[in-house]
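Student: I have a model open and would like to learn how to read it. Could you walk me through it?

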Amino acid sequence: MRYENKVCFVTGAARGQGRAEALRFAQEGADVAILDICADFPTTGYPGPTEDDLAETVALVEKEGRRCLSFVADTRDLAAMQSATDTIVAELGGLDVVVANAGICSGSSFVDISPEQWEATMSVNATGTFNTLKTTVPVLIEQGRGGAVVVVSSVAGLRGLPFLADYSASKHAITGLAKSVANEVAQHRIRVNTIHPASVPTGMTTPELFPLVAGAAHTLGPIFMNALPITTTPAEHIAAAVAWICSDEAAEFTGIQLPLDMGTLLR
Ligand SMILES: NC(=O)c1ccc[n+]([C@@H]2O[C@H](COP(=O)([O-])OP(=O)(O)OC[C@H]3O[C@@H](n4cnc5c(N)ncnc54)[C@H](O)[C@@H]3O)[C@@H](O)[C@H]2O)c1
């Protein structure tokens with residue numbers, strides 16, 4: 001129950017890792033706010049979640065006896081993010097934890113990345129994360145009670161993964177963003193860390209990536225290899241790590257890049 005009397009805000013929580021994180025915070029006593037665009041993207045090879053999926057996350061949180069505010073909104077829309085943040089503070093009485101989790105991913109060779117794909121990936125993953133922090137960090141500073149922010153990056157935010165150049169650029173961008181913000185807000189006891197998952201079985205399936213990797217297996221395959229004989233990390237294990245790093249048990253840790261990667265970065 002590390003989150004009793006706390007309010008946690010998770011973006012991209014209609015399903016996947018965001019849902020697991022929202023649920024974990026609720027299981028540990030938090031009231032939770034969740035936000036998701038609940039829409040398909042023309043540049044991704046997988047469908048987005050629906051409003052029913054978002055409602056299912058609300059139901060799961062409420063089943064834990066906690067309050068859950070939900071928003072259908074686009075993290076790229078700064079005014080919508082400001083409005084959501086204002087509502088969270090007014091309705092739930094403040095804000096303690098922010099997880100900037102919303103993101104999209106498309107696999108393609110660099111030469112095939114269209115301007116539309118570049119724009120979508122950068123705007124959702126980088127600008128959406130900027131907007132999330134831009135609207136919530138001032139609240140954490142103003143409250144004067146510290147706080148924790150997690151920016152969900154990727155192994156691709158530390159390594160130049162092939163066939164993911166736009167995604168990798170966006171995830172490097174938010175890794176840098178988090179490190180700079182961490183320096184500025186540490187004086188307020190606000191911690192900002194990034195997590196770097198490898199492969200998590202969620203709706204983000206990127207089927208177009210597999211033939212590209214298979215076609216270059218003899219040269220580029222090893223970059224995707226894990227040290228552990230495990231191929232995926234359950235979303236619940238990512239959520240457990242997020243719940244730890246946002247808790248008082250991690251009070252001394254800020255500006256770190258936490259790999260949750262089955263040892264792939266060891267290679
Ligand atoms: N699945 C993986 O293997 C993996 C690996 C490393 C990092 N990640 C990152 O983890 C995070 C969570 O992804 P996931 O695996 O749960 O995938 P997911 O597709 O299941 O969840 C991502 C959620 O973000 C939402 N979203 C996307 N764009 C949005 C926007 N503009 N505004 C609001 N919501 C938006 C989607 O609707 C979706 O519900 C992402 O940032 C992703 O890049 C995923």
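Tutor: Let's take the sheet, then the helices, then the ligand. One thing to keep in mind is that this is a predicted model.

Student: Happy to start there. In what order do the strands of the open sheet run?

Tutor: A sheet can be read by strand order, pairing sense and edges. Here seven strands make an open sheet, ordered β3-β2-β1-β4-β5-β6-β7, and they pair in parallel. At the edges sit β3 (68-72) and β7 (257-260), each with pairing on one side only. On average, neighbouring strands are turned by 15 degrees against each other, ignoring direction.

Student: Which residue is the bridge partner of L35 in β3?

Tutor: That is F71. The pairing of β2 (residues 31-36) with β3 is parallel and spans five bridges. Helix α2 packs on the sheet and touches β2 and β3, its direction making about 170 degrees with that of β3.

Student: Now the helices. How do I describe two that pack together?

Tutor: Two packed helices are described by the angle between their axes and by the distance between those axes. Take α1 (residues 16-27) and α2 (residues 51-63): their axes come within 8 Å and cross at roughly 20 degrees. That angle makes α1 roughly parallel to α2, and their crossing is right-handed.

Student: Which residues of α1 and α2 make the contact?

Tutor: From α1 look for R19, A22, L23 and A26, and from α2 for T57, L60 and V61. Sorted by class, this contact of α1 with α2 has five nonpolar residues, one polar and one charged.

Student: At what angle do α3 and α4 cross?

Tutor: The axes of α3 (residues 78-92) and α4 cross at roughly 30 degrees and come within 9 Å. This crossing is right-handed. On the α3 side are L78, M81, Q82, T85 and V89, which meet N131, T132, K134, T135, T136 and V139 of α4. The class count for α3 with α4 is four nonpolar, six polar and one charged.

Student: Last, the ligand. Which residues come nearest to the ligand?

Tutor: For a ligand, ask who lines it and what kind of residues they are. Of the 29 residues around the ligand, the nearest are G12, G16, G103, T202 and M204. The shell divides into 11 nonpolar, 14 polar and four charged residues.

Student: And which helix gives the most to that shell?

Tutor: α1 does, with three residues. Helices α1 and α4 (115-143) each supply at least two residues of the shell.

Conventions. Residues numbered from 1 in each chain as written. Predicted model: local features only at pLDDT ≥ 70, side-chain atom pairs only at ≥ 80, totals over all residues. Axes fitted to C-alpha atoms, helices over the stretch in contact; angles between N-to-C directions. Helix = DSSP H or I, 4+ residues; strand = E, 2+ residues; numbered from the N terminus. Parallel < 35°, antiparallel > 145°, perpendicular 65-115°, else oblique. Left-handed = near helix turned anticlockwise from the far one by under 90°. Contact = placed C-beta atoms within 7 Å. Nonpolar A, V, L, I, M, F, W, Y, C, P; charged D, E, K, R; others polar. Pairing = 2+ DSSP bridges. Near = placed C-beta within 6 Å.
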